[in-house]
Amino acid sequence: MTLRGVPFRAECVDLGPGPSAAELLRRVSGWPGLIGLIGAWADRTAVLTSHPVLELSGGVDLLDALDDQPDVVDGDPQLLGGGWFGRLAFDGPSALAFHDHVVRLVAGRWRFESLVSDGREAALEERVAAWRAALSSTGGDPPSWSVEMFTGAPAAEHLAAVERAVELIRAGELYQVNVCTRVDAAFTGSAAGLFATAAEDLQPHYGAYLGGDPAVVSLSPELFLRRRERDVISAPIKGTLPRDGAGTAGNAAALRRSAKDVAENVMIVDLVRNDLGRVAEVGTVRAAALLDVRPHPGVWHLVSTVEARLRPDVGDADLLRAAFPPGSVTGAPKLRALAAIAGLEPVPRGTYTGAIGFVSPLWGAEFNVAIRTFEVADG
């Protein structure tokens, strides 16, 4: 099935005020293909969708699907409407689904935005009715969940990997490399319930829930890519200090003065500039903000912003191929860091440090960096 060239029309129905995005997600937690994006997504709105019309899974070849978009007649670029939603895994199966409708919480009111094609009118009317019912219901008991104690590889194994990374840096093969470890815990109950609770408590800037197997709960603070028309930005995070608790009052200033954190951030800014430079118009790549200290849940982060204007021949698949995986979770130089990661880390990362987001034929594209992220499967 191909969507390219198929005529769609965009429609928007006001559903009125209602519960928070987290509460609405709880109420529809059993719906198939459920996705929730909560935080600063799509012009600081919350986005929920379900019941996809097309689903894909597999490797990075899925990126081609991002350019398979319908033709939307007289579409308002302020609408999201629908598009490809899903996850691009760092080193495992990715998953994308095409949704022809979303609900968005805009200025305190929910609205149903859709991309209507011939033959889908009745199905979309059913979805409007279902969302209206969910908005007006009392919600019932919230979906429950519980997590047992986390365990992981012995600390000595991880420290040994870090030491090997340091040796690669000393040998001149790397400037930096991001070395991760995995922890596991027994989980029971609703992954959607876990996400809703965490989103309320932590208010992540780029929180994302993806239903399915595995279900993905991402509490990310980091913007990987945002594209509006031909303009694209990336906002890599490198540098972190605690923001809450005793002895943290001066940490914002201390983070900005940290030679180590500043050096890491500047290296990744150069890496992102290089990535975007492959697909940008000459002379348009620039660091719009460098080394900003910004508050996030529990921590201060050192955040920079890189902007570029894409060449006319570049699609979203080209953009993702040039920039993925995010440089802030690999290291520099990126290709050597990726090779080092494969040798230093004992298990694949899966979705973690990949990207989660959407590509809309109207609004544009937006992806987080999938950090602070749980994958829930097999208990």
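**Two pockets in a predicted model**

In the largest pocket, the strand β25 supplies the largest share of the lining, 4 residues. The model described here is a predicted one.

The space in this largest pocket comes to about 990 Å³. Besides β25, which spans 373-376, the elements that each give two or more residues to its lining are β10 (145-147), β13 (183-184) and α5 (191-202). In total, 35 residues line the largest pocket. Those nearest its centre are R182, V183, D184, T373 and E375. V183 and D184 make up the strand β13, while T373 and E375 fall within the 373-376 range of β25. By class, the lining of the largest pocket consists of 20 nonpolar residues, 9 charged residues and 6 polar ones.

The second largest pocket holds about 640 Å³ of space. Its lining has 27 residues, and N178, K238, K260, E264 and S328 are the closest to the centre. Two helices and two strands each give two or more residues to this lining: α4 (155-170) and α7 (259-277), together with β12 (176-177) and β19 (237-242). The helix α7 contributes the most to the second largest pocket, with 5 residues. K260 and E264 lie within the range of α7, and K238 lies within that of β19. The classes in the lining of the second largest pocket are 14 nonpolar, 7 polar and 6 charged residues.

To follow both sites in the structure, the reader can start from β25 for the largest pocket, where that strand gives 4 residues, and from α7 for the second largest, where that helix gives 5.

How values were computed: Residues numbered from 1 in each chain as written. Predicted model: local features only at pLDDT ≥ 70, side-chain atom pairs only at ≥ 80, totals over all residues. Heavy atoms only, no water. 1 Å grid on protein atoms, 1.4 Å probe; cavity = no way out; pocket = protein on both sides within 12 Å on 5 of 7 lines; lining within 4 Å. Points joined across faces, edges and corners; volume = space filled by probe spheres on them. Nonpolar A, V, L, I, M, F, W, Y, C, P; charged D, E, K, R; others polar.
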